[in-house]
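Colleague: I've got a few labels here that I'd like to see justified. Can you pull up the model and walk me through them?

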Amino acid sequence: MKAFELVRKEQKKQGKSDIWLSEQTGIKAATLRAVRYEDTRQYSLQTMVKIAIALDMDLNELKKIDWR
């Protein structure tokens, strides 16, 4: 699973916008766009952990991400 698929699925389930996610995590909109467009050079595991915490996700879900 790609990072953006995991994030989008959870955002849709909870009805949370990118703006909300940016405000909750302190992650810039440009970095959230990098997640959405699979630009792994622009974000890290730390970023994904912040997103997962903001969305109250099980951190084990991050294991499903294909980081290649």
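Colleague: Why does Arg36 count as partly exposed?

Modeller: One thing up front: this is a predicted model. Arg36 has 22% relative accessibility. Buried means under 20% and exposed means over 50%, so Arg36 falls in between and counts as partly exposed.

Colleague: And what makes Arg36 and Asp18 a salt bridge?

Modeller: The closest N and O atoms of Asp18 and Arg36 are 1.9 Å apart. The cut-off is within 4 Å, so the pair qualifies.

Colleague: Which parts does that pair tie together?

Modeller: Asp18 lies in helix H2 and Arg36 in helix H3, so the salt bridge ties together parts that are 18 residues apart in sequence. Arg8 comes into it too: salt bridges that share partners join Arg8, Asp18 and Arg36 into one network.

Colleague: Is Asp18 itself buried, exposed or partly exposed?

Modeller: Partly exposed, because its relative accessibility is 25%, and that sits between the 20% and 50% limits.

Colleague: How many salt bridges turn up in the whole structure?

Modeller: The search finds 5. One of them is Lys2 with Asp66, where the closest N and O atoms are 3.6 Å apart. Lys2 lies in the segment before H1 and Asp66 in the segment after H4, so this pair ties together parts that are 64 residues apart in sequence.

Colleague: How do you know where Lys2 stands on accessibility?

Modeller: Lys2 is at 24%, so it counts as partly exposed. Asp66, its partner, is partly exposed as well, with a relative accessible area of 26%.

Colleague: What about Lys13 and Glu10, what makes them a salt bridge?

Modeller: Their side chains meet at 3.6 Å, N to O, and within 4 Å is what the label asks for. Both residues lie in helix H1, 3 residues apart, about one turn of the helix.

Colleague: Why is Glu10 called buried?

Modeller: Glu10 has 12% relative accessibility, and buried means under 20%, so the label holds. Leaving aside neighbours within four places in sequence, Glu10 is in contact with Leu55 and Met57. As for Lys13, it is exposed, because its relative accessible area is 64% and the limit is over 50%.

Colleague: Gln11 is in helix H1 too. Why is Gln11 called buried?

Modeller: Its relative accessibility is 3%, and that is under the 20% limit, so Gln11 counts as buried. Not counting residues up to four places away in sequence, Gln11 touches Lys16, Ser17, Asp18, Leu21 and Leu55.

Colleague: On to the helices. What makes H2 roughly perpendicular to H4?

Modeller: Helix H2 (residues 18-25) and helix H4 (residues 45-54) pack at an angle of about 110 degrees, with their axes 10 Å apart. That angle makes H2 roughly perpendicular to H4, since the label covers 65 to 115 degrees.

Colleague: Which residues meet there?

Modeller: From H2, Trp20, Leu21, Gln24 and Thr25; from H4, Lys50, Ile51 and Ala54. By type, the residues of this contact divide into 4 nonpolar, 2 polar and 1 charged.

Colleague: Which residues have the most contacts inside the largest nonpolar core?

Modeller: Val7, Val35, Met48 and Ile51, in a core of 16 residues. H1, helix H3 (29-36) and H4 each supply at least two residues of this core. Take Ile51: leaving aside neighbours within four places in sequence, Ile51 is in contact with Val7, Leu21, Thr25, Ile27, Leu32 and Val35.

Colleague: What about the segment after H4, is Asp56 there buried or exposed?

Modeller: Exposed, because Asp56 has a relative accessible area of 70% and the limit is over 50%. Asp56 also has a positive phi of about 55 degrees although it is not a glycine.

Colleague: Glu61 has its place in that segment as well. Why does Glu61 count as partly exposed?

Modeller: Glu61 is at 21% relative accessibility; buried would need under 20%, so partly exposed is the label. Glu61 and Ala3 are 58 residues apart in sequence and 10.0 Å apart in space, C-alpha to C-alpha.

Technical notes
Residues numbered from 1 in each chain as written. Predicted model: local features only at pLDDT ≥ 70, side-chain atom pairs only at ≥ 80, totals over all residues. Heavy atoms only, no water. Buried < 20%, exposed > 50% of the residue type's maximum accessible area, 1.4 Å probe, protein only. Contact = heavy atoms within 4.5 Å. Axes fitted to C-alpha atoms, helices over the stretch in contact; angles between N-to-C directions. Helix = DSSP H or I, 4+ residues; strand = E, 2+ residues; numbered from the N terminus. Parallel < 35°, antiparallel > 145°, perpendicular 65-115°, else oblique. Nonpolar A, V, L, I, M, F, W, Y, C, P; charged D, E, K, R; others polar. Core = buried A, V, L, I, M, F, W, Y, C linked by side-chain atoms within 4.5 Å.
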